[in-house]
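User: I am new to protein models and would like to learn how to read one, feature by feature. Could you take me through it with care?

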Amino acid sequence: MMPLFFLIVGLRVKVAQIAYNTSWANVCLIIALAFVPKKNKALPIETTFQLPSPLPIWPPGDGFASGIINLGGLQVRQTSSFNKVWATHEGGPDNLGATFYEPSNVPQGFFMLGCYSQANNKPFFGWVLVAKDDSCGALKKPLDYTLVWNSESLKIKQDGNGYIWLPTPPDGYKAIGHVVTNSPDKPSLDKIRCVRSDLTDQCEAHTWTWGPGNTGDANGFNVYSLRPSNRGIQAMGVSVGTFVAQIGGVVSPLSSIACLKNAKSNLSCMPNLKQIEALVHAYSPWVYFHSEETYLPSSVSWFFVNGALLYKKGEESKPVAIEPTGSNLPQGGSKDGAYWLDLPIDEGAKERVMKGDLGNSQVCVHIKPMLGATFTDIAIWVFYPFNGPAKAKVKLVNVPLGKIGEHVGDWEHVTLRVSNFNGELQRVYFSEHSGGTWVDASELEFQNGNKVVAYASLHGHAFYSKPGLVLQGSGGIGIINDIEKSKLVMDTGANYSLVSAEYLGSAIVEPAWLNYSREWGPKISYNIADEIKKVKKLLLGPLKSAFEKSVRSLPNDVLGEEGPTGPKMKNNWIGDEV
């Protein structure tokens with residue numbers, strides 16, 4: 001009774017306060033609203049993400065965007081039609097819980113291979129593959145189920161109880177995913193199918209989806225998305241969209257679940273030239289540069305034509321002008337220091353080339369099959385003649401770093417991952433110096449339809465999906481990546497060159513410069529210790545040593561001691577982005 005008493009007294013006081021300048025109708029409304037229960041804020045996952053514009057009608061071709069891919073004895077379809085099975089409202093990323101689904105409206109003759117799960121902190125944007133036996137014996141029902149985990153004892157907000165089951169496959173078959181139920185009763189054996197072992201590949205846990213805590217507990221229960229262990233243009237492992245549930249990091253459930261495999265290395269589902277053109281037109285990024293950016297991109301041929309020089313070790317006094325296509329660059333070899341490129345000798349020409357040529361810049365596009373050719377990666381490479389000096393943040397102070405970060409020649413890239421089932425953009429990779437970040441399409445910024453927006457950091461040119469300040473370091477000390485949306489912008493789809501698509505064979509002739517394997521800039525002669533010493537003079541006490549430790553821990557491509565190698569020499573040219 002006491003809480004109700006105080007509530008009534010509080011309301012009387014509130015009414016007395018507002019009665020002098022508020023009508024009695026409004027007073028009554030305020031009283032009524034005080035007793036209306038507040039609605040819970042909608043979770044991000046309750047909104048289904050869709051690209052801003054409908055998918056175009058893709059030009060005709062073999063299997064690209066046809067809806068079905070034949071993996072060799074097994075036909076698969078990608079479905080985003082689901083029924084919700086169970087959800088938690090706590091734990092996982094941002095402590096918002098996760099939701100578990102099973103595919104619905106599965107086409108006649110196709111079968112579920114596993115359930116789907118997604119953290120609640122993002123809009124719904126997911127899929128799984130369903131499969132059809134195309135070779136009499138590719139699919140079989142499980143023999144039984146093992147209960148991996150249930151939520152009965154969990155003291156968190158949840159929609160009823162959840163039960164996660166692992167199918168027991170027949171000999172010679174593999175489970176591809178879990179079954180989730182909201183009942184302790186075992187699922188029907190007809191609920192799911194296991195896949196013949198020769199049509200599967202090894203997989204690994206990837207992104208943490210959910211666990212009862214705010215972060216993954218290695219000794220507790222965790223749910224992870226799955227991906228093939230071996231990924232690259234020659235790897236045939238296929239992601240299915242399912243997940244793995246583990247308790248205490250136990251390996252056995254993971255070893256009991258596999259991904260699929262493109263058993264016949266079928267590449268007919270990859271886009272042809274017309275389809276590539278349509279994909280670039282649909283998704284090619286708008287790249288925004290900082291308003292204070294001095295060192296902008298150019299085309300490779302512009303760099304060559306405007307005075308870039310080829311140097312050879314032992315003959316430094318006799319640099320050679322480079323042909324517009326790079327036809328006189330040494331081919332093959334390795335990063336052995338035998339050759340390197342540099343800016344023009346003339347100071348005026350050098351200053352002009354360093355600044356690039358944004359108005360006539362041209363990006364270089366590499367098309368590659370990924371995840372067993374069920375996805376197409378469109379790698380968009382941007383070349384800068386010069387990478388500018390870095391700035392550091394030391395607690396509350398921003399400090400110029402002199403020559404640290406400077407180098408001739410800079411290659412950065414953005415990779416678009418597109419589904420070969422329907423041509424829909426799924427994810428984008430933003431290269432950031434020696435690493436990078438994958439961002440789901442649901443978290444991207446778009447412009448002019450489905451074109452992605454990317455931001456290049458000031459002087460360092462690392463790519464990010466959002467503007468702002470990103471600190472590369474820790475403890476409030478590190479290199480500043482300053483990103484903003486300004487009037488300096490490049491539409492990468494307006495001027496691009498398709499430089500490589502190995503699966504198309506002779507249809508694409510690679511430019512000579514692509515196979516130049518040495519550095520695109522000289523080794524810088526400045527002394528990093530001297531540059532650090534200059535900056536330390538501006539700092540106080542313990543900040544001096546903390547700053548030096550932070551700078552020396554940075555990778556060479558940030559420190560700028562030497563020019564980078566070209567795109568084809570990077571591990572991600574034939575491998576996955578990491």
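Analyst: Let us begin with a definition: a polar contact is a pair of N or O atoms within 3.5 Å, where, within protein, one atom must be able to donate a hydrogen and the other to accept it. Please keep in mind that this is a predicted model.

User: With that in hand, which backbone oxygen does the side chain of His-461 reach at 2.8 Å?

Analyst: The side chain of His-461 reaches the backbone oxygen of Tyr-295 at 2.8 Å, and at 3.4 Å the same side chain also reaches the backbone oxygen of His-459. His-461 itself sits in the loop between β32 (451-456) and β33 (463-464).

User: Is His-461 buried or exposed?

Analyst: Buried means under 20% relative accessible area, and His-461 is buried because its relative accessible area is 0%. Once residues up to four places away in sequence are set aside, the residues that His-461 touches include Glu-293, Tyr-384, Phe-386, Asp-410 and Glu-412.

User: How should I read a proline in a loop, and where is Pro-344 placed?

Analyst: Pro-344 lies in the loop between β23 (339-342) and α6 (347-354), and it counts as buried because its relative accessibility is 6%. Leaving aside neighbours within four places in sequence, Pro-344 is in contact with several residues, among them Asn-306, Gly-307, Ala-349 and Val-353.

User: How many disulfides does a search of the whole structure find?

Analyst: A disulfide is a pair of cysteine sulfur atoms within 2.5 Å, and a search of the whole structure finds 0 of them.

User: Why is there no bond between the sulfur of Cys-203 and the closest cysteine sulfur?

Analyst: The closest cysteine sulfur to that of Cys-203 belongs to Cys-259, and because the two are 5.4 Å apart, they are too far for a bond. Cys-203 counts as buried, at 6% relative accessibility, whereas Cys-136 is exposed, with a relative accessible area of 77%.

User: How does one look for empty space inside a model, and how many cavities of 30 Å³ or more are found here?

Analyst: Rolling a probe the size of a water molecule over the atoms shows where empty space is left. In this structure, the search finds 1 cavity of 30 Å³ or more, and the largest cavity has a volume of about 40 Å³.

User: Which residues line the largest cavity?

Analyst: Cys-203 and Cys-259 are both in the lining of the largest cavity, together with Leu-226, Arg-227, Ser-239, Val-240, Gly-241, Thr-242 and Ala-258. These lining residues divide into 5 nonpolar, 3 polar and 1 charged.

Notes:
Residues numbered from 1 in each chain as written. Predicted model: local features only at pLDDT ≥ 70, side-chain atom pairs only at ≥ 80, totals over all residues. Heavy atoms only, no water. Helix = DSSP H or I, 4+ residues; strand = E, 2+ residues; numbered from the N terminus. Buried < 20%, exposed > 50% of the residue type's maximum accessible area, 1.4 Å probe, protein only. Contact = heavy atoms within 4.5 Å. 1 Å grid on protein atoms, 1.4 Å probe; cavity = no way out; pocket = protein on both sides within 12 Å on 5 of 7 lines; lining within 4 Å. Points joined across faces, edges and corners; volume = space filled by probe spheres on them. Nonpolar A, V, L, I, M, F, W, Y, C, P; charged D, E, K, R; others polar.
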